[in-house]
Amino acid sequence: MGDIRGMGLMTGVEFVASREHKTSLAAPGDIAAQFKAIGLKREMLLYPGAGTIDGQLGNHVMFAPAFVSTDADISDISDISDIAGRFAEIVAMVFSR
């Protein structure tokens, strides 16, 4: 991961080949579709993006709560350890393929 940044409840994670040099990741296959599909199975809405640097290089994923959320949903979202754990599982699944 090259960078993690966010505002409010929306967070973005950029994937790079070299964290030190911020070298773009040339990911195999359709990494964005993999993130979206696996995320849905893990009850996470993920907004993946690819080719954001030059049309081919550059991969990131944003995640956020549903835009219509109940108080209980917001309470669940605030459990950052659960969110981080589920996201880590998704990352491992995508990059192990």
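In this predicted model, Phe15 has a relative accessibility of 5% and therefore counts as buried, the cut-off for that class being under 20%. Phe35 falls into the buried class as well, with a relative accessible area of 1%.

These two residues meet again in the search for aromatic contacts. A pair of aromatic rings is described by two quantities, the distance of the centres and the angle of the planes. Across the whole structure, the search returns one aromatic pair. It is formed by Phe15 and Phe35, whose ring centres lie 5.3 Å apart. Their planes meet at 25°, so the pair is classed as stacked, a label that calls for planes under 30 degrees apart. Along the chain the partners are 20 residues apart, and the contact thus joins distant parts of it: Phe15 belongs to strand E2, while Phe35 sits in helix H1, which spans residues 31-41.

Strand E2 also features in the description of the pockets. The second largest pocket holds about 180 Å³ of space. Its lining comprises 16 residues, and those closest to the pocket centre are Arg5, Val13, Glu14, Asn59 and His60. At least two lining residues come from each of three strands, namely E2 (10-18), E3 (23-24) and E5 (59-63). Of the contributions to this lining, that of E2 is the greatest, at five residues. In chemical character, the lining of the second largest pocket is mixed, with seven polar, six nonpolar and three charged residues.

Technical notes: Residues numbered from 1 in each chain as written. Predicted model: local features only at pLDDT ≥ 70, side-chain atom pairs only at ≥ 80, totals over all residues. Heavy atoms only, no water. 1 Å grid on protein atoms, 1.4 Å probe; cavity = no way out; pocket = protein on both sides within 12 Å on 5 of 7 lines; lining within 4 Å. Points joined across faces, edges and corners; volume = space filled by probe spheres on them. Helix = DSSP H or I, 4+ residues; strand = E, 2+ residues; numbered from the N terminus. Nonpolar A, V, L, I, M, F, W, Y, C, P; charged D, E, K, R; others polar. Phe/Tyr/Trp six-rings, centres within 6.5 Å; stacked < 30°, edge-to-face > 60°. Buried < 20%, exposed > 50% of the residue type's maximum accessible area, 1.4 Å probe, protein only.
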